[in-house]
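Visitor: Would you choose a single part of this model and take me through it closely, side chain by side chain? I should like one connected account, with each criterion stated where it is used.

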Amino acid sequence: MNTKHLGGGILYIEDILGGEPEGYSAILDFLSRSVLPHGYSPSVGNPEESKDVSINNGGYEISNNLIHTKPSVYNVNAKNQWPFSEFDKCSYVGLLEYCKIFPAVIACVTNRTPGHLLKYSAGHCMGPHSDAALPYQGDLLEPVSLAAIKNTLTSVLFLNDKYEGGDVAFRMWGITIKPKYGSMLIYPSSFIGCHEVLPVVSGNRWVFIKWFTHGDSVAIPNEDGTSDQSGWVDGFRRDAGIDVSGCHQLQENVSVN
């Protein structure tokens with residue numbers, strides 16, 4: 001495992017996922033054939049506008065003529081089932097690696113979301129965005145959901161690299177990267193980590209995404225609807241090995257590889 005700070009709080013961790021990609025690709029292909037992905041549903045806003053606009057699970061609206069450019073989303077409700085348990089474990093290892101370089105983040109992580117899979121096929125892309133932006137109802141300053149505001153870190157595990165295009169770009173930092181199989185990008189979910197996924201030209205691009213969050217556990221419960229937030233936080237802080245009361249004083253030696 002090799003960890004690189006690319007700049008802007010963006011970590012690239014190579015070889016965090018073991019095994020051969022073929023071992024996972026068969027399962028992912030079966031999943032895409034047997035499970036319906038989550039997508040967009042018609043908007044319930046202005047009747048005139050809703051004819052041309054749909055909304056996703058996060059509350060974000062998109063023009064119907066652009067839906068064909070967005071990836072398929074597969075929610076994972078099997079955290080103890082291989083290979084999803086392995087993907088989840090890698091995300092946690094990535095979090096601990098991040099804490100070694102940015103210990104101040106420890107005080108800002110008190111929970112996590114269930115992971116989910118994204119499949120980008122030819123023509124799919126995602127324009128510049130941050131993972132803490134809130135969707136609002138029309139022109140009103142009334143958010144559809146507050147879940148995203150809890151996001152502190154985004155972890156993206158790359159499950160294959162046999163595709164063309166699909167690079168990740170952080171324009172603000174001048175960084176564009178095509179991560180190899182078994183690697184991870186982990187970065188701030190705020191505007192500091194504003195990023196985009198460039199169009200996939202050919203092949204299928206599979207990633208496992210998980211957010212590490214702060215705040216209460218009401219909006220982001222465990223996969224089974226229960227909450228073990230307190231126990232998880234205690235274990236995380238033990239594993240990080242840094243006293244949270246002093247974590248901000250350790251932020252002096254951050255460097256760019």
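Guide: The account that follows takes helix 3 as its subject and traces the side-chain pairs that involve it. The model is predicted, so local features need pLDDT of at least 70 and side-chain atom pairs count only at pLDDT 80 or more, whereas totals for chains, interfaces and linings use all residues. Residues are numbered from 1 along each chain as its sequence is written, and side-chain values use heavy atoms, with hydrogens and water left out.

The setting is a chain with four helices and 17 strands (DSSP runs numbered from the N terminus: helices are H or I of at least four residues, strands E of at least two). Of its 257 residues, 44% are buried (under 20% relative accessible area; exposed is over 50% and partly exposed lies in between, with a 1.4 Å probe and protein chains only).

Helix 3 covers residues 84-101. Its aromatic residues come first. Rings of Phe, Tyr and Trp (its six-membered ring) pair when their centres lie within 6.5 Å; planes under 30 degrees apart are stacked, over 60 edge-to-face, and the rest tilted. Ten aromatic pairs meet this rule. In one of them, phenylalanine 84 and phenylalanine 87 have ring centres 6.2 Å apart and planes at 75°, so the pair is edge-to-face. These two residues are three apart in helix 3, about one turn. Phenylalanine 84 is buried because its relative accessible area is 11%, and phenylalanine 87 is buried at 0%. A second edge-to-face pair joins tyrosine 92 to tryptophan 232, with centres 6.2 Å apart and planes at 65°. Because tyrosine 92 belongs to helix 3 and tryptophan 232 to helix 4 (residues 229-240), this pair ties together parts 140 residues apart in sequence. Tryptophan 232 is buried, at 14% relative accessibility. Phe84 and Phe87 also belong to one aromatic cluster, together with Tyr24, Trp82 and Phe208.

The charged residues of the helix come next. Side chains of opposite charge can pair when their charged atoms come close. The structure holds six salt bridges (a side-chain nitrogen of Lys or Arg within 4 Å of a carboxyl oxygen of Asp or Glu). Glutamate 86 and lysine 89 form one of them, their closest N and O atoms lying 3.8 Å apart; being three residues apart in helix 3, they are separated by about one helical turn. Glutamate 86 is partly exposed, at 22%. Further along, lysine 100 and glutamate 97 meet in a salt bridge of 2.7 Å, N to O, and they too are three residues apart in helix 3, about one helical turn. Lysine 100 is exposed, with a relative accessible area of 61%, whereas glutamate 97 is buried at 12%.

Aspartate 88 reaches outside the helix: its salt bridge is with lysine 210, and the closest N and O atoms are 2.8 Å apart. This pair links distant parts of the chain, aspartate 88 being in helix 3 and lysine 210 in strand 17 (residues 205-213), 122 residues apart. Lysine 210 is buried at 3%, and aspartate 88 is partly exposed at 24%.

From lysine 210 the path can be followed into another strand. Threonine 154, in strand 10 (residues 151-158), has Lys210 and Trp211 among its contacts beyond four places in sequence (heavy atoms within 4.5 Å). Threonine 154 is buried, at 1% relative accessibility.
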